[in-house]
Amino acid sequence: MRLSTLKDQPQDLAKFVTGFETDAKAMQKDLMILAIVSNMPYDSIIDMSVDERQALADAIKAKSDAEKEAYDNAKAKSR
């Protein structure tokens, strides 16, 4: 969407701003969840690059998957 289009069409500008606000809130929520799950300060998460945050999220997911598999295996053995 071009800036001139947004300037000429107030309804398009309103949609753009609303979309931006929604995206910003979703991103903030994701970063807070990442901070809580990783037990890291929110400021440290904010200071990371996108690639670093993705690597952290991937590592947390891998750990979670491994823990779930170990739990499932232990549960299966106890039957």
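Colleague: Which helix is the place of S38?

Modeller: S38 sits in helix α2. Helices here are DSSP runs of H or I with at least four residues, strands are runs of E with at least two, and both are numbered from the N terminus. This is a predicted model, where local features need pLDDT of at least 70 and side-chain atom pairs count only at pLDDT 80 or more, while totals for chains, interfaces and linings use all residues. Residues are numbered from 1 along each chain as its sequence is written, and side-chain values use heavy atoms, with hydrogens and water left out.

Colleague: Is S38 buried or exposed?

Modeller: S38 is buried, at 18% relative accessible area. Buried means under 20%, exposed means over 50%, and partly exposed is in between, using a 1.4 Å probe and protein chains only.

Colleague: What does the side chain of S38 have 3.3 Å from a polar atom?

Modeller: The backbone oxygen of A35. That is a polar contact, meaning a pair of N or O atoms within 3.5 Å; within protein, one must be able to donate a hydrogen and the other to accept it, and residues adjacent in sequence count only if both atoms are side-chain atoms.

Colleague: Back up a bit. How many helices and strands does the protein have?

Modeller: There are 4 helices and 0 strands, so along the sequence the pattern reads α-α-α-α. Of the 79 residues, 13% count as buried.

Colleague: What about L34, buried or exposed?

Modeller: L34 is in helix α2 and is buried, with a relative accessible area of 11%. Its C-alpha atom is separated by 7.6 Å from that of I45, and the two residues are 11 apart along the chain.

Colleague: Where is N39?

Modeller: N39 lies in the loop between α2 and α3, the latter being 42-47. Its phi is near 60°, a positive value in a residue other than glycine. N39 counts as exposed, at 71% relative accessibility.

Colleague: Changing topic. How much space lies in the largest pocket?

Modeller: About 280 Å³. On a 1 Å grid over the protein atoms alone, a pocket is an open set of points with protein on both sides within 12 Å along at least five of seven lines, whereas a cavity is a set where a 1.4 Å probe fits but cannot get out; lining residues have an atom within 4 Å of a point. Grid points are joined across faces, edges and corners, and the volume is the space filled by probe spheres set on the points.

Colleague: Which residues line the largest pocket?

Modeller: M27, D30, L31, I33, L34, V37, V50, R53, Q54, A57 and I60. The elements giving two or more residues to that lining are α2 (10-38) and α4 (50-77). α2 gives the most, with 6 residues.

Colleague: What is the lining of the largest pocket by class?

Modeller: It has 8 nonpolar, 1 polar and 2 charged residues. Ala, Val, Leu, Ile, Met, Phe, Trp, Tyr, Cys and Pro count as nonpolar, Asp, Glu, Lys and Arg as charged, and the others, Gly among them, as polar.

Colleague: R53 is in that lining. What is the nearest side chain of opposite charge?

Modeller: E52, 7.1 Å away; R53 is buried yet has no salt bridge. A salt bridge is a side-chain nitrogen of Lys or Arg within 4 Å of a carboxyl oxygen of Asp or Glu. For charge, Lys and Arg count as positive and Asp and Glu as negative, with His and the chain ends not counted. R53 is in helix α4, and a polar atom of its side chain lies 3.2 Å from the backbone oxygen of I45.

Colleague: How many salt bridges does the structure hold?

Modeller: The structure holds 3. K61 pairs with D65 at 3.1 Å, N to O. In K63 and E67 the closest N and O atoms are 3.9 Å apart, and in D72 and K68 they are 2.8 Å apart.

Colleague: How far apart in helix α4 are K61 and D65?

Modeller: They are 4 residues apart, which means about one helical turn between them. K63 and E67 are also 4 residues apart in α4, as are D72 and K68.

Colleague: Is K63 buried or exposed?

Modeller: K63 is exposed, at 54%. Its partner E67 counts as partly exposed at 46%. D65 is partly exposed at 40%, and D72 is partly exposed at 34%.
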